[in-house]
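The following exercises concern backbone geometry, burial and helix packing. Each task is followed by a solution in steps.

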Amino acid sequence: MNAKARAAVVLLVPFFALFVVVMVVPIGYAVWLSLFTEQQSGLGFGGTHTVFSGLGNYTAALGDHAFRDGFLVLLGYCALYIPLLLAGALTLALLLDSALARARRFFQLALFLPHAVPGIIAALIWVYLYTPRLSPVVAAMESGGLGFDFLSPSGALPSVVNIALWEWLGYNMVIFYAALQAVDRSVIEAATVDGAGAWRVATAVKLPLIRSSLAMVALFTVIGSLQLFTEPLILNQGSGSAVTSSWTPNMYAYTAAFGRNDYGLAAASSVLLALAAALLSFFVTRLSGRSARSGRSGRSGRHPSRASGPPAAGRPVRGPRPPLAHPEGRP
Amino acid sequence: MALSPRTAVTGPAAPTSVRPSRTPAVHTPARRSRNRWLSPTAVNAALALAVLYTLFPLVWLVTAATKDAGGLLAGDALSFEGFDLAGNLSRLATEGDGIYFRWYGNSLLYAGAGAALCTLICVAAGYAFDKYRFPGKEQLFGAVLLGVLVPTTALALPLYLLASRTGVVNTYWSVLVPALVNPFGVYLARVFSSAYIPDEALEAARIDGAGELRVFWSIGLRMVAPGLVTVFLFQFTAIWNNFFLPLVMLSDQRLFPVSLGLYAWNGNAHGEPSFYPLVVTGSLLAVLPLIIAFVTLQRHWKAGLTAGSVQ
């Protein structure tokens, strides 16, 4: 017994030591740093010294309209990107899961491949495809009467959303598809025998059964969206786009640290961003938990009992947690 | 809506016994008209359209990488006009004394060594969580799951400030060490460990007198090998694609990974268009290893994304 305890410690220590060094300590250090500010001493001869400023950096960040605008941009980004991503990935997964699809392996692979492309390279490619005169896409759209200036002020948000969508659509589709494949086929068969068509099977049987993966994907998409950085940075890099150097909160923190050397402000805005992420994940988890509960009780009435009965109750989710996205994927 | 029952039910794993006698009852005209949208042609055409969207930029990357600067900036990117792939490759190899291939080597080092070590660390922890009972286990695992939710870019700046305080900034370590931690990998490893390693096998080895660590090393690791590949593949991709951390940590060009080097070159290209073909060709080469890995290791990345349904 003792030998087992010792082995467990030996196996766990490497991970947790690094976990503390790379995740816990930096969070604490960021909070600490955010409480201090650099001040010019006297006549400016003595260089700068660090003074405690309490929540001064936080009020400075929140009082800066560039920082607040960053959150507005994020809000618009999420409002456009998340519904498109979830609806698109779900639709593709349901189509692929329907018995009508051919060449499933090929479709899965081809849709997934953008995940192999680093975010920065995806952004580079799309900036080329957005640039008038260079881009076959813009040319084709113009000849089709759908001219759109991706690099104009109003085009900035859709351009970034499209890059993110391209990167993550197939990835999340595979997660949904995997969850759909795990749905007990006898449930679907029972619903069909009871006269439910493909549309009704998809919306009333399959969707409720994979809602836990839906919630997970939503959660990780929200967290990933808050960290938006690489794609707008490339658009900002001299492409003539309307994206500014503090377009998103993350870009604001980066510019504060490396453009203005204001580490206190950078740390405070990082902490605020992390807090927003924590709040939102809590919110999304609660929301999906509640909808799952109400969904379960609400459905039993209007559903063929065979479809929502034993399998849904006896096997509410697969495994300890539903299929997860790989959250480190977003650079 | 109402498909013919055969097409409606038959998933890959579905039994083929469906009663056709049911069909006539559900075929109302309204339903039949919607039926057309769910024909095999429509479904496959929709999927093909999505594939066009995902593959088109990659096809563009291939054709664009074969062009010289003039051909690239002249538009009409999908033709092979101004074909100069060999020229691009040789310029890529000579520009800045071959710095590109140094970046490539750095990326291989960061991603290869980082992912290998990270996989070992994750699997050790996941195995311990799965196979041993100890006080506070679920609380500790809860901390791991919380770590999954931490936005990594919010950590990059504090990490940089810590690293500059300790003098690690602008070294290989500054990029390599943070890449060793992946809480999600521990979660995956726990799932794989319980799916692939039967307790009886461990018990048998113990009865033969093997020590606990020996059991892990020679039985556990071997049995969980397919899961090792999955964790490695995802971590390799994450490190290879990582941009923010090296951007913050590194200022010495010779330590750059490919992603950061291409970013620097792209910055040059706006003043000096001869850099455009280098950026495009360099991007193509940087994407190739991962494309090859994902095409050849399909079983493994699918297993990673299905992890929750393994149990």
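**Exercise 1.** In which loop of chain A is A:A103 found? Determine also what sets its backbone apart.

*Solution.* The model is a predicted one. Step 1: A:A103 lies in the loop between α3 (65-97) and α4 (104-112) of chain A. Step 2: its phi is positive, about 45°, although A:A103 is not a glycine. Step 3: 14 other C-beta atoms fall within 10 Å of A:A103; a residue is buried at 20 or more and exposed at 12 or fewer, so A:A103 is partly exposed.

**Exercise 2.** Carry out the corresponding analysis for B:N170.

*Solution.* Step 1: the loop between α9 (152-166) and α10 (172-176) of chain B holds B:N170. Step 2: phi of B:N170 is near 65°, a positive value in a residue other than glycine. Step 3: B:N170 has 16 C-beta neighbours inside 10 Å and therefore counts as partly exposed.

**Exercise 3.** Describe the span, bend and burial of helix α7 (residues 156-181) of chain A.

*Solution.* Step 1: the 26 residues of α7(A) reach 37 Å from the first C-alpha to the last, close to the 38 Å expected at 1.5 Å a residue. Step 2: a kink of about 35° is centred on A:W168. Step 3: 21 of the 26 residues of α7(A) are buried, so this helix is largely enclosed by the rest of the structure.

**Exercise 4.** At what angle do α5 (residues 119-130) of chain A and α7(A) pack, and which residues meet?

*Solution.* Step 1: the angle is about 130°, and the axes are 10 Å apart. Step 2: α5(A) is therefore oblique to α7(A). Step 3: the crossing of α5(A) past α7(A) is right-handed. Step 4: from α5(A), A:G119, A:A122, A:A123, A:W126 and A:Y130 meet A:S159, A:N162, A:I163, A:W166 and A:E167 of α7(A). Step 5: an α-helix has 3.6 residues a turn, so residues three or four places apart point the same way.

**Exercise 5.** Against which helices do the buried residues of α11(B) pack?

*Solution.* Step 1: α11 (residues 183-196) of chain B has 14 residues and reaches 20 Å, close to the 20 Å expected at 1.5 Å a residue. Step 2: 12 of the 14 residues of α11(B) are buried, so the helix is largely enclosed by the rest of the structure. Step 3: the buried residues include B:F184, B:Y187, B:R190 and B:F192. Step 4: the buried residues of α11(B) pack against α1 (2-33) of chain A, together with α7 (99-131), α8 (137-149), α14 (225-241) and α18 (298-305) of chain B.

Technical notes. Residues are numbered from 1 along each chain as its sequence is written. Chains are lettered from A and ligands numbered from 1 in the order in which they are written. This is a predicted model: local features need pLDDT of at least 70, side-chain atom pairs count only at pLDDT 80 or more; totals for chains, interfaces and linings use all residues. Helices (H or I, at least four residues) and strands (E, at least two) are DSSP runs, numbered from the N terminus. The expected span of a helix is 1.5 Å times one less than its number of residues. Two residues are in contact if their C-beta atoms, placed from the backbone, lie within 7 Å. The bend at a residue is the angle between axes fitted to the seven residues ending there and the seven starting there. Axes are lines fitted to C-alpha atoms, for helices over the stretch in contact, and angles run from 0 to 180 degrees between N-to-C directions. Angles under 35 degrees count as roughly parallel, over 145 as roughly antiparallel, 65 to 115 as roughly perpendicular and the rest as oblique. A crossing is left-handed if the near helix is turned anticlockwise from the far one by less than a right angle, and right-handed if clockwise.
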